[in-house]
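Welcome to a short tour, to be followed with the viewer open beside you. Take each stop in turn, make the selection suggested, and look around before moving on.

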Amino acid sequence: MEHKTTGDRRKLNWILTAAVIAFAALAVAVCFLLRPKTGAADRFVIRYGDGRSIEVPAWETRTIVIRNGEIAERETGEDEENVIRIENGEAWMETANCPHRECMKQGKLSAETVRSRPLGTWIVCAPHRVYIEFAGDGQ
Ligand SMILES: [Zn+2]
């Protein structure tokens, strides 16, 4: 009888332990899923013209037009033009009229993609000398 009780208690302890571990794992999973997509300090540095640059926080939603090495009011498709889009922590070259549009093929730049992208933290439009760099926390 006593033996059975000890066995039951062990079983109960095991179930409680498993429940605690399962709950902890669930809590970690929830925190992971609810984590902010971008760090507070994440930003994009856009370099253009002769050594000029602007910084845009990664959480902003913004379209930036650069034409002939200058920030432009709006897109016209004329001369040397790049249109950069920043949205949901991602930056990409939305349109560009450079010869082979390589910059448009470089995909989206974000905290999540920097490790898997061939160009890492950069999107480069070499013909127009327009560069987007991802700068994360502490960088
Ligand atoms: Zn380009």
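**First stop: Arg-115**

Select Arg-115, which sits in the loop between β6 and β7. As you look, keep in mind that this is a predicted model. Is Arg-115 buried or exposed? Arg-115 counts as exposed because it has 8 C-beta neighbours inside 10 Å, and the label "exposed" applies at 12 or fewer. Now add Cys-103 to the selection and draw a distance between the two C-alpha atoms: Arg-115 and Cys-103 are 18 Å apart in space, with their positions 12 residues apart in sequence.

**Zoom out: the whole chain**

Switch to a cartoon view and colour by secondary structure. You should find one helix and eight strands, following the pattern α-β-β-β-β-β-β-β-β along the sequence. The protein is more spread out than a compact globule, because its radius of gyration is 25 Å, well over the 14 Å that the globule rule gives for 139 residues. Turn the model to see its extent: the C-alpha trace spans about 90 × 25 × 25 Å along its principal axes.

Next, colour residues 1-35 and residues 43-135 separately, as these are domain 1 and domain 2. How far apart do the C-alpha centres of the two domains lie? The C-alpha centres of domain 1 and domain 2 are 50 Å apart.

Two numbers go with this wide view. Buried residues account for 19% of the 139 residues. Of the contacts between residues at least 6 apart in sequence, 37% join residues at least 24 apart.

**The sheet β2-β1-β8-β7**

Now select β2, β1, β8 and β7. These four strands form an open sheet in that order, with antiparallel pairing. At its edges are β2 (52-57) and β7 (122-125), each of which pairs on one side only. From one strand to the next, the twist averages 15°.

Let's walk through some of the pairings:

- Select β1 (residues 43-48) together with β2: six bridges pair them in the antiparallel sense.
- Along these two strands, Arg-43 is opposite Pro-57, and the bridge partner of Phe-44 is Val-56.
- Move to the turn of the β1 and β2 hairpin, where three residues lie between the strands and Gly-49 has a positive phi of about 55°.
- Then add β8, which is joined to β1 by five bridges and runs antiparallel to it.
- Here Ile-46 faces Ile-132 in β8.

**The sheet β4-β3-β5-β6**

Hide those strands and select β4, β3, β5 and β6. They make up an open sheet of four strands in the order β4-β3-β5-β6, and the pairing is antiparallel. Which strands stand at the edges? They are β4 and β6 (90-96), and each has a single partner strand, so one side of each is left without a neighbour in the sheet. The twist in this sheet averages 30° from one strand to the next.

Start with β3 (residues 62-67) and β5 (residues 81-87), which run antiparallel and are joined by six bridges. Look for Arg-67, which stands opposite Glu-81 in β5.

Then go to the other partner of β3: three bridges join β3 to β4 (residues 70-72), again with the strands running antiparallel. Two pairs to pick out here are Val-65 opposite Ala-72 and Ile-66 opposite Ile-71. The hairpin of β3 and β4 has two residues between the strands, and Asn-68 there takes a positive phi near 55°.

**Last stop: the nonpolar core**

Bring all the strands back and show side chains for Phe-44, Ile-46, Ile-84, Ala-91, Met-93, Ile-123 and Ile-132. These have the most contacts inside the largest nonpolar core, which has 19 residues. Which strands each supply at least two residues of this core? They are β1, β3, β5, β6, β7 and β8 (130-135).

Finish by centring the view on Ile-84. Leaving aside neighbours within four places in sequence, Ile-84 is in contact with Ile-46, Ile-64, Ala-91, Met-93, Glu-94 and Ile-132. You have met two of these before: Ile-46 and Ile-132 stand opposite each other in β1 and β8.

How values were computed: Residues numbered from 1 in each chain as written. Predicted model: local features only at pLDDT ≥ 70, side-chain atom pairs only at ≥ 80, totals over all residues. Pairing = 2+ DSSP bridges. Axes fitted to C-alpha atoms, helices over the stretch in contact; angles between N-to-C directions. Domains from an automatic or database assignment. Core = buried A, V, L, I, M, F, W, Y, C linked by C-beta atoms within 7 Å. Buried ≥ 20, exposed ≤ 12 C-beta atoms within 10 Å, placed from the backbone. Contact = placed C-beta atoms within 7 Å. Rg over C-alpha atoms; globule rule 2.2 N^0.38 Å.
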